[in-house]
Amino acid sequence: MPNIIVLIGRVLDPSGIVFNRRAGRLFVNREEYLLQPADRCALEAALRIKEAGRPKESPSAEVVALPRTLLPDDDVLRQAVATGADRAIYLAGQVANADDALMARVLAAVVERLGGADLVLTGATTLDTGQGQLGPRLAEALGWPQIVDVWHVEAADGRVRAVRKEKDGFVAVEADLPAVVTVLPGVLKPRYPDGARLINVYRGVNEMATALEQWDVADLVEAQALKPLVERRGQEFPAERERGARVSGTPAQMAQTVAEALRQRVRR
Amino acid sequence: MDFTFSPEHVALRRMIREFAETEVAPIAAEIDREHKVPHDVLHKLGQIGLLGVCFPQEYGGMGAGEAGYCILMEELGRVCTSTATNVGAHIGIGAMAIHLDGSEEQKRKYLVPLARGEKMAAFGLTESNAGSDAANIRTRAVREGDSWILDGGKVYITNGGYAHVITVMAVTDPALGARGGVTAFIVETDWPGFKVAREEDKMGIRGTSTAELVFEELRVPHENVLGKVGEGFVAFMRSLDMGRLTLGAAGLGGAQAALEWSVRWAKTRKQFGTELANKQSVQWMIANLATEIEALRSLVYRVAWMVDAHQPFTQLAAMCKMYGSEVGSRAIDVALQIHGGLGYTRDFPIERAFRDARIAEIFEGTNEIQRIVIASNIFRDYGVRIRP
């Protein structure tokens, strides 16, 4: 049974921010961060694989949480441990514009230092910037197989089995372990953190006293490996969506109008 | 001075808010309409440790202190007063009495399953002739060998219809009165002689059980005496102090929800060619409300901090309960006025919240009693003793 690494990131709580297209900027009313929803699903998938067919007392695998990017604090890692990850490693270091290419190199070095792993799980996309490259790039860096955009994943007997969502349906895919799998957001209902674990991991006491480690990025990779691929040249908001049309009439008439409009769109 | 929440309390609030919005808010209207206790939600709350939020971890609790408990009540109060009330009666007074006064054996036997949410608790003080006048209790307990025989009954007991464990006050020595003659007992509700006589049909908090209980030759083993024989009154007053503070927190959550609904509606609703938000009359309502809510928030969490720092807080807890319930009622009244006709319909949660808010001025010591507590504490500081 596998040892699982989960890569998790954070995102500004969408309920605390407001977009202003006219001003061309984003206003942060309340700066709070949540676990990236897809990463949270990946964590849930990891915990379910760990628990599959096993009594709680004799766990078969260890789930280690790592940050998907360089973070100013370890808050999401503590959340991951409170939710059930056995431990987490905070990566300390300041790198301007750390992108997925750079992080793939750093994380490959972390996996190596951990003595390998059986499975790496992460979100298929980020809620804010829509990044989906980290999983595939890490798989390339490690030379492992990868399965992206999965709906369902399980692992046993040296194989990982996943169901991918593709354009016209679902496709079952298998690969040998070790492998990298990216999980779509919203496909699992993630569990809530455990209350006592949450309190203890934030206080760093009891069974949680050693759950969080800190490694320095500078000790993991050479300085020249820390050059990002992506250059930030500015920001632009996507064009405003076209306004919808309002239909009226009896429910039957309205349904007919909508169906006709959809048919037109499909034909186009 | 430092008015920031600790990182664990920030994380706890985030977890509870998500739970409240995902699991509780969607059922709030239904449990009100159908008059049913949300057992599923209570079970889930127990599974993640929230029904033991303030109890020590060695007794199955979370160890988040009174501040953590206030956060729980605020966030539940924000989405569903019924759920907050179920939880408050369980933790704040039912299990709290065992936490404060239970022996080691009693805590192992009763507090642990209560803190884990495996069993639910209630608190039995009020009688038909004794509520606010807690010293006028008629339920009798007579010693018989290793047991006590309880006869009498209780009314308006929150969680009374389904609780597994109820802490009950009974007279053990009529000659001594409240101080010395009243004892607290831990009663299991499946013992012979315990009966739920009726469930009240209430104006609000309809997702709770408010029951009339009858004890007929109910045999309670002596080991279930909570605290010392004759000292039940003082013990129960201490539990009530803890409960009062968190009622203020629930009122805070309810008021916060009223403010959020009002702001959202004022942004949307147009009259005379402009949004309500642009009307000064509405702006002033919002400004006044927000100020009261901030004052209440400061009071609630300052007192929670005092409890966790083991400072005396009786007078301030009474202020929390009184002010919290009144801000809660005023807030929902203002929200109803801003929403107009829409708020008066059952399509919107304002109507339910309006009915729910009112009870907080009544239960766990009416606001008149809170004012007596506050006044008597103030006068005592000046060497004057007042009597109700």
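This is a short walk through two helix pairs, one in chain A and one in chain B. The model is a predicted one, so please read every value below as computed from it.

Let's begin in chain A. Here helix α3, covering residues 100-113, packs with helix α4, residues 134-142, at an angle of about 50°, and the axes are 8 Å apart. Angles of 35 to 65 degrees fall outside the parallel and perpendicular classes, and α3(A) and α4(A) are therefore oblique to each other. Their crossing is right-handed. If you want to pick out the residues that meet, α3(A) brings Asp100(A), Ala101(A), Met103(A), Ala104(A), Arg105(A), Leu107(A), Ala108(A) and Val111(A). From α4(A) come Leu134(A), Arg137(A), Leu138(A), Ala141(A) and Leu142(A). Sorted by class, this contact holds 10 nonpolar and 3 charged residues, with no polar ones.

Now turn to chain B, where helix α7 (residues 232-268) packs with helix α11 (residues 349-358). The angle is about 155°, and the axes lie 11 Å apart. Since an angle over 145 degrees counts as roughly antiparallel, α7(B) is roughly antiparallel to α11(B). The crossing of this pair is left-handed. On the α7(B) side, the contact is made by Gly254(B), Ala257(B), Ala258(B) and Trp261(B). Facing them in the contact are Ile350(B), Ala353(B) and Ala357(B) of α11(B). By class, the contact of α7(B) with α11(B) has 6 nonpolar residues and 1 polar residue, with no charged ones; the polar one is Gly254(B), as Gly counts as polar here.

Conventions
Residues numbered from 1 in each chain as written. Chains lettered and ligands numbered in written order. Predicted model: local features only at pLDDT ≥ 70, side-chain atom pairs only at ≥ 80, totals over all residues. Axes fitted to C-alpha atoms, helices over the stretch in contact; angles between N-to-C directions. Helix = DSSP H or I, 4+ residues; strand = E, 2+ residues; numbered from the N terminus. Parallel < 35°, antiparallel > 145°, perpendicular 65-115°, else oblique. Left-handed = near helix turned anticlockwise from the far one by under 90°. Contact = placed C-beta atoms within 7 Å.
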